[in-house]
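Trainee: I should like a close look at one part of this model, the shell around the ligand. Which residues come nearest, and which elements supply the shell?

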Amino acid sequence: MEHNDAPAIVTAAPITQDLLWELAQPPADAARPARPWVTVAYAQTLDGRIATRGGDSRWVSCPDSLTFAHCLRATHDAVLVGIGTVLADDPRLTTRLVAGPSPTRVILDSQLRLPLDAAVLREGAARTIVVTTAAAPAERMHCLRALGARVLTAEGHPAGGVDLPDALRRLRGLGIRTLLVEGGARTITATLRAGVADRLAVCIAPKILGAGIEAVGDLGIDRLADALPLRTRRVLLVGADLLLIADIG
Ligand SMILES: NC(=O)c1ccc[n+]([C@@H]2O[C@H](COP(=O)([O-])OP(=O)(O)OC[C@H]3O[C@@H](n4cnc5c(N)ncnc54)[C@H](OP(=O)(O)O)[C@@H]3O)[C@@H](O)[C@H]2O)c1
């Protein structure tokens, strides 16, 4: 048999901005009375890592996938990350790669560790809501408010951090109908574990990291029969990456 060393060439229909916008839309009837519609979106390596063990995540995905991530931001009312991501990456959480509105930025931060010079406080492209608990230092709340952030006090979770369902109820009360959860790992895991995620948009980059930060941690599932069921909506190549969009449940 002839041995062929040539790399496999995979072709796909061209990814247009129009297609990325279409894929990023939440359903028209997404709004729920008690909480926002939640899309969880992240970029992982083929072996399921969203960052190296030291926290380096820039960039897991290719430029077209980053554009898609910004389309997702523009089509959701708000984007949420945990304080771990802010401390690791100091993201702006804006839509600077696409022509669309920047969403409200939401940070889960039960102790108010958010640095006062963080980009989400410095960059005025969108409002910033910091969701904390009554245990946070009052003086820190005043500082953040003085810098223009809204500080929202939610219930604490018995295991630490903010109680996510309660935080989502409060965000819905502020008029947020659609929410994009971008990470990091603890936040993605908490969202899936609390059963408040409606859709997944996972970008899978053709890279392997081995040890690193896993996208999804323990969900308390011991039997395969109890795995979260996904209804796949689209699978397509976006630049070098595979993009999977699936509804949960
Ligand atoms: N590849 C990607 O798509 C992507 C996207 C985003 C981030 N990342 C990477 O992910 C890493 C950070 O992940 P991480 O897991 O350390 O941090 P994270 O999920 O961003 O933040 C976790 C922190 O948020 C706070 N928090 C408050 N309430 C919470 C709740 N209900 N559930 C979860 N967290 C809650 C907790 O701190 P307190 O207890 O102090 O409140 C917790 O330690 C970074 O390396 C970043 O680069 C990758």
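Mentor: The account below begins with the residues of the shell and then follows one of its helices. This is a predicted model, in which local features need pLDDT of at least 70, side-chain atom pairs count only at pLDDT 80 or more, and totals for chains, interfaces and linings use all residues. Residues are numbered from 1 along each chain as its sequence is written.

There are 32 residues around the ligand (C-beta atom, placed from the backbone, within 6 Å of it). Those that come nearest are Gly-82, Gly-84, Gly-161, Gly-183 and Gly-184. By class, the shell holds 14 nonpolar residues, 13 polar and five charged; here Ala, Val, Leu, Ile, Met, Phe, Trp, Tyr, Cys and Pro count as nonpolar, Asp, Glu, Lys and Arg as charged, and the others, Gly among them, as polar.

Two or more shell residues come from each of the strands β1 (37-45), β2 (49-52), β3 (78-82) and β7 (178-183), and from each of the helices α3 (83-89) and α7 (185-193). These elements are DSSP runs numbered from the N terminus (helices H or I, at least four residues; strands E, at least two). The largest share, five residues, is that of α3.

Helix α7, one of these contributors, has Ala-185, Thr-187, Ile-188, Ala-190, Thr-191 and Leu-192 as its buried residues (20 or more other C-beta atoms, placed from the backbone, within 10 Å of their own). Just after α7, the backbone of Gly-195 adopts a positive phi of about 70°.

Definitions and conventions. A residue is buried if 20 or more other C-beta atoms lie within 10 Å of its own, exposed if 12 or fewer, and partly exposed in between; C-beta atoms are placed from the backbone.
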